[in-house]
Every structure is written in structure tokens, then in C-alpha cells.
Amino acid sequence: MEVKTMTKAELINLIAEKGDYSKKDAEKALTTVIDSVSETLANGEKISLVGFGTFEVRERAEKTAINPRTKEQITVAAKKVPAFKAGKALKDVVNN
């Protein structure tokens, strides 16, 4: 199964078409959403959109790994990673 990746410009065009917005307004709305989600997650908060899914930040523990180039053992620092968990309604749409 081949997966096509939609670019930001293509998403803006889709939003403009479906919502009957100008491309400028669609871009402004999308940029605002992306910035708002990013800022909220950076503040350690969680965003839950009923039916769509949940955006949150998870803690990834420190771990040891092998450097594939040198074959030496290295320590990978603990860090925070953004995560998305799809809601039931979104899963249903994708699977139909």
C-alpha cells in the first residue's frame, strides 16, 4: 500500500476548498491551530478533541543503546516527546 504525504500547502488548499475560505484565511487558521497546539504541549498541558483524539507530552526515560557506527554503548538522555492518540470516531473513519 502506497502512502501519499500531504504537504502543508495541499492541506491549506483542502481547508480553503472544503470550508469555502480564501487560501490566506485557511493558512492563517491552520497556522494558528498548529501554534496553539505546540504552545499548549510545550506548557505540559494535554489537548483532548472529543471524537478526534488527544495530543499530549510523554516522558521518555533515559536508556542505553549501541552507536551503530562505532558499536560503543551510549546513553540516550531522557526527554519529552509529543504524542497523539486517535479517538474512536477518527479510527472508524480511517477504517471504513
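1. A good place to start is E10, which is partly exposed, with a relative accessible area of 33%. Please keep in mind throughout that this is a predicted model. The side chain of E10 meets that of K4 in a salt bridge, at 3.4 Å from N to O. K4 is exposed, and its relative accessible area is 63%.

2. Next, a pair that links separate parts of the chain. K46 and E56 form a salt bridge through their side chains, with 3.9 Å from N to O. K46 sits in the loop between α2 (23-42) and β1, while E56 belongs to strand β2 (residues 53-60), so this pair ties together parts that are ten residues apart in sequence. For anyone checking the distance by eye, the limit for a salt bridge here is a nitrogen within 4 Å of a carboxyl oxygen.

3. Are the two partners of that bridge buried or exposed? K46 is exposed, with a relative accessible area of 55%. E56, on the other hand, is buried, at 19%. The cut-off matters for this reading: E56 counts as buried because that class takes in residues under 20% relative accessible area.

4. Now to helix α3 (residues 88-94), which holds both K88 and D92. These residues are four apart, about one turn of the helix, and their side chains meet in a salt bridge of 2.8 Å, N to O. K88 counts as exposed, at 62% relative accessibility, whereas D92, at 36%, counts as partly exposed.

5. Which residues are joined into one network by salt bridges that share partners? They are K46, E56 and R58, so when you look at the K46–E56 pair, which ties together parts ten residues apart in sequence, do bring R58 into view as well, as a member of that network. In total, the structure holds four salt bridges.

6. Lastly, a word on the nonpolar side of the surface. L49, F52 and F84 form a nonpolar patch there, and together they have about 260 Å² of accessible area. One of them, L49, is placed in strand β1 (residues 47-49). L49 counts as partly exposed, with 39% relative accessibility. That value fits the patch rule, because patch members need over 30% relative accessible area.

How values were computed. Residues numbered from 1 in each chain as written. Predicted model: local features only at pLDDT ≥ 70, side-chain atom pairs only at ≥ 80, totals over all residues. Heavy atoms only, no water. Patch = residues over 30% accessible without salt bridge, like charges linked within 9 Å, V, L, I, M, F, W, Y side chains within 5 Å. Areas by Shrake-Rupley, 256 points an atom, 1.4 Å probe, with all protein chains shown as cover. Helix = DSSP H or I, 4+ residues; strand = E, 2+ residues; numbered from the N terminus. Buried < 20%, exposed > 50% of the residue type's maximum accessible area, 1.4 Å probe, protein only.
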